[in-house]
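Subject: A structure to look through

Dear colleague,

I am passing on a structure that I would like you to look through. Please open it first, and then read the notes below beside it.

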Amino acid sequence: MTDSHDSTANVLERLEKAEQLKIMGEHKEALTILEELLIEDPQNISALEEVADNELSLEHFGRASKAAKQAITLDKDSYTGYYILGFLHSRKEEWNEALKNLQKANTLKPNNPEILRCLGWALFNGGQRTQGIVTLERALNLDSENPLTLCDLGVTHLQVHNFVKAKALFLRALDLDPTNNRAKECVEAVERLEKTMVKK
């Protein structure tokens with residue numbers, strides 16, 4: 001009995017270590033631990049989800065997709081698996097596929113700001129503009145300090161020509177992260193657009 005308890009504690013400890021490494025941006029080191037766990041237990045869903053997440057951060061999209069699909073095969077309620085597949089479809093601008101996966105992830109794990117951010121972006125780009133903006137607003141309400149959400153929401157407002165709101169969101173993102181190139185470029189874009197609007 002203690003053996004299985006000890007081994008469970010050991011697995012959790014190693015998953016925790018991999019999580020810490022991931023947060024520090026040490027994705028390769030995290031993957032080494034996770035791959036060892038999967039050799040011992042190929043059915044370890046948490047390890048598979050973490051592999052997918054780390055591969056995503058390293059931009060190994062094929063490997064991230066494979067691990068996410070495997071996690072879903074083993075556990076049809078793997079919201080992380082669905083989120084990662086949705087994110088990957090979004091990257092390719094496959095909005096319908098992205099929406100299917102992200103809506104499933106959101107059903108399994110409601111009120112997760114990162115899932116809502118990606119869902120809002122997919123909705124907006126998939127043609128459901130109002131719904132997309134509302135969903136991104138919800139993501140921002142849950143995590144108001146997230147420069148990614150601020151920029152995504154800013155871009156949606158820029159596209160619907162709400163320049164004042166867009167600029168405020170980009171400036172807020174820059175306050176939080178002064179090195180954010182996307183936010184800098186977006187502020188410049190708004191200012192250029194404002195000038196052309198004045199000229200008209």
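Please keep in mind throughout that this is a predicted model.

The chain as a whole

The secondary structure of the chain comes to 11 helices and 0 strands, so that reading along the sequence gives the pattern α-α-α-α-α-α-α-α-α-α-α. Along its principal axes, the C-alpha trace of the chain spans about 75 × 35 × 30 Å. Of the 200 residues in the chain, 44% are buried, and the accessible surface comes to about 11,300 Å², with 52% of that surface belonging to carbon and sulfur atoms. When contacts between residues at least 6 apart in sequence are considered, 44% of them join residues at least 24 apart.

Helix 5

A good place to begin is helix 5, which runs over residues 79-91 and has 13 residues. From its first C-alpha to its last, helix 5 reaches 18 Å, which is close to the 18 Å expected at 1.5 Å a residue. Is this helix mostly covered or mostly uncovered? Helix 5 is mostly covered, since 10 of its 13 residues are buried, among them Thr80, Gly81, Tyr82, Ile84, Leu85 and His89. The cover over the buried residues of helix 5 includes helix 3 (45-57), helix 4 (61-74), helix 6 (95-108) and helix 7 (113-125).

The structure holds 1 aromatic pair, and this pair is formed by Tyr83 and Phe87, whose rings are tilted, with 6.3 Å from centre to centre and 50° between the planes. Both Tyr83 and Phe87 lie in helix 5, 4 residues apart, which is about one turn of the helix. An α-helix has 3.6 residues a turn, so residues three or four places apart point the same way. The two partners are classed separately by accessibility: Tyr83 counts as buried because its relative accessibility is 11%, whereas Phe87 counts as partly exposed because its relative accessibility is 22%, and the cut-off for buried is under 20%.

Two loop residues

Helix 5 is followed by Glu93, which is placed in the loop between helix 5 and helix 6. Although Glu93 is not a glycine, it has a positive phi of about 60°, and its relative accessibility of 57% is why Glu93 counts as exposed. You will find another residue to set beside it in His161, which lies in the loop between helix 9 and helix 10 (163-176). His161 is not a glycine either, yet has a positive phi of about 65°, and His161 is exposed, with a relative accessible area of 55%.

A buried histidine and a charge over a ring

Which residues does His157 touch beyond its neighbours within four places in sequence? His157 is in helix 9 (residues 147-159), and, with those neighbours left aside, His157 is in contact with Ile133, Glu137, Asn162, Lys165, Ala166 and Leu169. Because its relative accessibility is 7%, His157 counts as buried.

Finally, please look at Arg182 and Trp121, where the charged end of Arg182 sits over the ring of Trp121, 5.8 Å from the centre of that ring.

With best wishes

Conventions:
Residues are numbered from 1 along each chain as its sequence is written. This is a predicted model: local features need pLDDT of at least 70, side-chain atom pairs count only at pLDDT 80 or more; totals for chains, interfaces and linings use all residues. Side-chain values use heavy atoms; hydrogens and water are left out. Helices (H or I, at least four residues) and strands (E, at least two) are DSSP runs, numbered from the N terminus. The expected span of a helix is 1.5 Å times one less than its number of residues. Buried means under 20% relative accessible area, exposed over 50%, partly exposed in between (1.4 Å probe, protein chains only). Contact means heavy atoms within 4.5 Å. Rings of Phe, Tyr and Trp (its six-membered ring) pair if their centres lie within 6.5 Å; planes under 30 degrees apart count as stacked, over 60 as edge-to-face and the rest as tilted. A charge sits over a ring if NZ of Lys or CZ of Arg is within 6 Å of the ring centre and within 35 degrees of the ring normal. Accessible areas come from the Shrake-Rupley method with a 1.4 Å probe; for residues, only the protein chains shown count as cover.
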